[in-house]
Amino acid sequence: FADQLDMLLQRLHPRARDAFRLRIHRSLSYGDIAQMLDCSENAIKSCMRRGRIHLARWLTDAEVHSSG
């Protein structure tokens with residue numbers, strides 16, 4: 001599953017991908033991530049929300065195709 005998730009993360013917008021990696025691997029706060037990526041905390045939250053929507057859709061699509 002980790003390999004599949006990493007592949008899907010590659011499909012995200014670079015800022016979203018970086019934000020996810022910083023949040024997951026380094027357990028940084030949204031504020032810290034925003035500071036590192038030079039944008040607002042709200043921008044990071046929004047970017048990650050859209051990223052989660054994309055990831056959920058892609059994972060669902062992958063499950064449908066693999067069970068089909």
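Start by selecting Glu-41 and Lys-45 in helix α4: they are 4 residues apart, so about one helical turn separates them. Helices here (H or I, at least four residues) and strands (E, at least two) are DSSP runs numbered from the N terminus. The model is a predicted one, in which local features need pLDDT of at least 70 and side-chain atom pairs count only at pLDDT 80 or more, while totals for chains, interfaces and linings use all residues. Residues are numbered from 1 along each chain as its sequence is written, and side-chain values use heavy atoms, with hydrogens and water left out.

**The first pair**

With Glu-41 and Lys-45 still selected, display their side chains: the two form a salt bridge whose closest N and O atoms are 3.5 Å apart. A salt bridge is a side-chain nitrogen of Lys or Arg within 4 Å of a carboxyl oxygen of Asp or Glu. Glu-41 is partly exposed at 37% relative accessibility, and Lys-45 is partly exposed at 36%. On this scale, buried means under 20% relative accessible area and exposed over 50%, with partly exposed in between (1.4 Å probe, protein chains only).

**Across to Tyr-30**

Now add Tyr-30, which has its place in helix α3. Although 15 residues separate Tyr-30 from Lys-45 in sequence, their C-alpha atoms are 6.9 Å apart in space. Show the surroundings of Tyr-30 and, leaving aside neighbours within four places in sequence, you will find Arg-23, Glu-41, Ile-44, Lys-45, Met-48 and Arg-52 in contact with Tyr-30, where contact means heavy atoms within 4.5 Å. Tyr-30 itself counts as partly exposed, at 22% relative accessibility.

**The whole chain**

Zoom out to a cartoon view, where the secondary structure comes to 4 helices and 0 strands, following the pattern α-α-α-α along the sequence. The C-alpha atoms fill a box of roughly 45 × 20 × 15 Å, taken along the principal axes. Of the 68 residues, 28% are buried, and of the contacts with a separation of 6 or more, 44% are between residues 24 or more positions apart.

**Into the core**

Select Leu-12, Phe-20, Ile-33, Ile-44 and Leu-55, which touch the most other members of the largest nonpolar core, a group of 17 residues. Such a core is a set of buried Ala, Val, Leu, Ile, Met, Phe, Trp, Tyr and Cys residues joined through side-chain atoms within 4.5 Å. Colouring by helix helps here, as α1 (2-9), α2 (14-25), α3 (30-36) and α4 (41-67) each supply at least two residues of this core, with α4 giving the most, 6 residues. In soluble globular proteins, nonpolar side chains tend to be buried together. Centre next on Ile-33, which is in contact with Ala-19, Leu-22, Arg-23, Leu-28 and Ile-44 once neighbours within four places in sequence are set aside.

**Along helix α2**

Hide everything but α2, a helix of 12 residues that reaches 16 Å from its first C-alpha to its last, close to the 16 Å expected at 1.5 Å a residue (the expected span being 1.5 Å times one less than the number of residues). Its buried residues are Ala-16, Arg-17, Ala-19, Phe-20 and Leu-22.

Which side chain of opposite charge is nearest to Arg-17? Asp-18 is, at 4.7 Å, and Arg-17 is buried yet has no salt bridge; for this purpose Lys and Arg count as positive and Asp and Glu as negative, with His and the chain ends not counted. Bring the rest of the chain back and Arg-17 is seen to touch Leu-9, Gln-10 and Leu-12, not counting residues up to four places away in sequence.

Move on to Arg-21, which forms a salt bridge with Asp-6, the closest N and O atoms lying 3.1 Å apart. This pair links distant parts of the chain, for Arg-21 is in helix α2 and Asp-6 in helix α1, 15 residues apart. Arg-21 is partly exposed at 25% relative accessible area, and Asp-6 likewise counts as partly exposed, at 37%. The structure holds 2 salt bridges.

**Two loop residues**

Finish with Ser-27, in the loop between α2 and α3, which has a positive phi of about 55 degrees although it is not a glycine. Ser-27 is exposed, with a relative accessible area of 62%. Asp-38, in the loop between α3 and α4, also has a positive phi near 55 degrees without being a glycine, and at 69% relative accessibility Asp-38 counts as exposed.
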